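Work through the exercises below with the model open. Each task is followed by a solution in steps.

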Amino acid sequence: MLQVKADERGRFTVSAFGEIWFDCPARIAVDANDTRDCDDSFVPVLGFDVRQAGEKTVYTWRTHSNLWERKEYVLEAGGNSARFFARVEGRGNIDALRFFEGQAKYEAAEYLLPVANHADYARNLRMATEPGAIELGYFTPPCYVYPFHMAGGEGWLGAGLAARPGQYNFDRFLYDNANENRCGFTLPLNGQTAVDGVWESQSLIFVTGEDAYDVVRAYAQWHYDEGFCARKDRTSEPDWWKKPIFCGWGEQAALQKQSGGEQKDYATQKDYTRMSERLDEYGLKPGVIIIDAQWQDAYGSAMPDKARWPDLRAYADAEHKKGRRVVLWFRSWYPEGLSQEECVEYLCTACAADPTSEKYRARMKETIHALLSDAPGCYNCDGFKIDFANCMPLGKYVSCHEKGVYGVELLKRFFVMMRDFAKAAKPDALINCSCAHPYFDEIVDQARIHDYWGTMRNAPEVMGHRAKLCRAAMENVLIDTDAGGLGSRRDFRRWIRAQPALGIPDLYYLTEQGDVPFDAEDVALIRETWAAYEAER
């Protein structure tokens with residue numbers, strides 16, 4: 001059970017499993033207008049209050065600031081969690097929050113970096129002396145929580161970032177290890193949050209768990225319990241969402257290597273028809289076929305390239321007759337084919353599609369309807385695999401049409417737009433993306449655990465780590481296991497066998513690739529693994 005003790009001098013401790021993990025100054029620097037809030041010096045506590053609010057004890061310290069007319073620090077503790085935040089009054093554009101200003105004492109020896117990268121669980125463990133950064137990557141976004149472990153102790157304790165809906169105007173969360181055996185946490189806000197009046201900051205929360213994944217799970221559960229996020233009802237998902245997937249990206253790459261040219265030369269109706277025929281020849285029965293990159297005339301406008309796809313509707317209808325749905329790869333943000341009025345700007349230069357632009361939204365409503373609807377003149381596809389979500393413009397000089405929307409909040413607007421327009425065109429349309437945070441649980445139909453370097457030889461361990469993080473963040477979410485293991489036949493075969501235990505099997509290749517011959521033995525393994533998966537689900 002997590003316990004908190006606070007005093008009128010402006011400090012509090014966080015204890016769990018019979019030990020004190022953090023001894024913290026009740027302090028959050030709210031930097032604004034390119035000025036540090038009170039620098040690194042401690043200011044006197046002007047007032048201290050303790051009250052009960054239901055089952056929670058609320059501690060409030062009143063202080064003063066060189067930037068704000070009024071400033072308070074609030075600590076809420078109860079049950080098995082605690083929440084710490086600042087409340088300020090005044091005007092300014094906030095640059096960063098600095099929790100504890102690097103002056104918290106710690107007893108934890110290590111923590112887990114809960115991100116999707118080219119590393120397994122063991123290589124994502126960090127010493128508490130090492131700084132950390134949770135930022136947009138293969139998980140966009142990941143859970144912004146650091147699970148800490150105490151050497152020789154029981155359990156784990158998480159220190160994580162919490163924000164209310166609409167308050168996700170950030171893209172990273174930093175763990176700072178300072179000198180003198182002290183630490184802190186920093187949330188860069190890049191001047192993208194404007195305050196005029198009373199403002200409550202994002203919060204640092206503390207939760208506990210039996211292990212690192214359990215801490216991530218408790219972090220997500222806190223958001224649901226406190227009403228900060230909404231959990232999706234997953235009890236009536238279409239059956240086809242759960243069927244094995246074939247994605248053509250890898251086969252496009254294989255064809256390019258065999259014949260030369262550019263990869264887009266093989267993102268054609270002719271090539272995908274041949275892929276479909278080869279699946280039939282092999283006796284492989286995916287429920288979904290993903291048409292990957294460069295089926296489009298332009299990434300931003302996202303309509304079929306007529307030279308490469310003369311009749312996308314005919315292809316989709318033919319696949320439907322085979323019992324397969326057709327999902328389109330969609331590149332996020334890329335402004336190709338868009339006007340400046342449809343774009344996010346960086347110093348007045350169009351740099352990305354803007355989901356807060358009414359002109360872009362109007363375009364996408366029409367485009368998505370055309371791609372997914374079964375109405376005459378439309379293409380009758382079945383959803384989107386949304387990629388490159390982390391490649392969004394970031395920093396102080398980025399601006400979109402709706403002021404104050406930035407980072408993860410802009411990403412949420414983008415995914416909500418894609419979901420709403422897709423479901424309007426086809427109610428069972430699939431939204432496949434690489435989110436692993438409870439703020440996105442209500443949007444995600446399939447969570448993709450993303451790319452794997454074929455040079456590695458541990459696909460089940462790397463991808464298994466990602467799948468555990470994803471499921472801890474969004475319980476019962478469908479996992480698209482994605483591609484892995486093509487660097488060696490052993491790694492490939494281990495990965496094929498491991499996929500059903502982690503999520504939905506996903507195959508990228510139908511011909512020889514790297515050291516994988518893709519012969520009759522490989523095909524038989526895939527066929528048998530898929531059949532067992534279908535029988536057991």
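**Exercise 1. A strand residue**

Task: Decide whether Val30 is buried or exposed, then place it and list its contacts.

Solution.
- Step 1. The model is a predicted one. Val30 has a relative accessible area of 0%. Buried means under 20%, so Val30 is buried.
- Step 2. Find its element. Val30 belongs to strand E4, which spans residues 28-32.
- Step 3. Set aside the neighbours within four places in sequence. Val30 then contacts Asp37, Leu67, Trp68, Lys71, Ala86, Val88, Ile94, Ala96, Leu97 and Trp199.
- Step 4. Take a C-alpha to C-alpha distance. Val30 and Ala108 are 26 Å apart in space and 78 residues apart in sequence.

**Exercise 2. The sides of a helix**

Task: Work out which residues of H5 are buried, and where they sit around the axis.

Solution.
- Step 1. Check the length. H5 covers residues 358-372, 15 residues in total. Its span from first C-alpha to last is 21 Å, close to the 21 Å expected at 1.5 Å a residue.
- Step 2. List the buried residues of H5: Tyr360, Met364, Thr367, Ile368, Ala370, Leu371 and Leu372.
- Step 3. Look down the axis. These buried residues cover an arc of only 170°, so they lie on the same side of H5.
- Step 4. Recall the general rule. An α-helix has 3.6 residues a turn, so residues three or four places apart point the same way.
- Step 5. Turn to the face away from the buried side. Exposed residues Glu358, Lys365 and Glu366 are found there.
- Step 6. Identify the packing partners. The buried residues of H5 pack against E19, strand E21 (349-353), E22 and helix H6 (408-425).

**Exercise 3. The largest pocket**

Task: Describe the largest pocket by volume, lining and class of residue.

Solution.
- Step 1. Start with volume. The largest pocket holds about 530 Å³.
- Step 2. Go to its centre. Of the 28 lining residues, Trp249, Arg448, Asp451, Tyr452 and Tyr508 come closest to that point.
- Step 3. Assign elements. Helix H2 (249-259), strand E19 (325-331) and strand E22 (383-387) each give at least two residues to the lining.
- Step 4. Sort by class. The lining has twelve nonpolar, eight polar and eight charged residues.
- Step 5. Follow H2 itself. Its buried residues are Gly250, Glu251, Gln252, Ala253, Ala254 and Leu255. Their cover includes strand E17 (245-247) and helix H3 (269-282).
- Step 6. Step past the helix. Gly260, just after H2, has a positive phi of about 80°.

**Exercise 4. The cavities**

Task: State how many cavities of 30 Å³ or more the structure holds, then characterise the largest and the second largest.

Solution.
- Step 1. Count. There are three cavities of 30 Å³ or more.
- Step 2. Take the largest cavity. Its volume is about 60 Å³. Its lining includes Asp482, Phe492, Trp495, Gln499 and Tyr509.
- Step 3. Assign elements. Helix H8 (489-502) and strand E27 (506-507) each give two or more residues to this lining. H8 contributes the most, with four.
- Step 4. Sort by class. The lining of the largest cavity has eight nonpolar, two polar and two charged residues.
- Step 5. Move to the second largest cavity. It encloses about 40 Å³. Among its lining residues are Gly137, Tyr138, Ile386, Phe388, Ser434 and His450.
- Step 6. Sort again. The second largest cavity is lined by four nonpolar, five polar and one charged residues.

Conventions:
Residues are numbered from 1 along each chain as its sequence is written. This is a predicted model: local features need pLDDT of at least 70, side-chain atom pairs count only at pLDDT 80 or more; totals for chains, interfaces and linings use all residues. Side-chain values use heavy atoms; hydrogens and water are left out. On a 1 Å grid over the protein atoms alone, a cavity is a set of points where a 1.4 Å probe fits but cannot get out, and a pocket is an open set with protein on both sides within 12 Å along at least five of seven lines; lining residues have an atom within 4 Å of a point. Grid points are joined across faces, edges and corners, and a volume is the space filled by probe spheres set on the points. Ala, Val, Leu, Ile, Met, Phe, Trp, Tyr, Cys and Pro count as nonpolar, Asp, Glu, Lys and Arg as charged, and the others, Gly among them, as polar. The expected span of a helix is 1.5 Å times one less than its number of residues. Buried means under 20% relative accessible area, exposed over 50%, partly exposed in between (1.4 Å probe, protein chains only). The arc is that of the directions from the helix axis to the C-beta atoms. Contact means heavy atoms within 4.5 Å.
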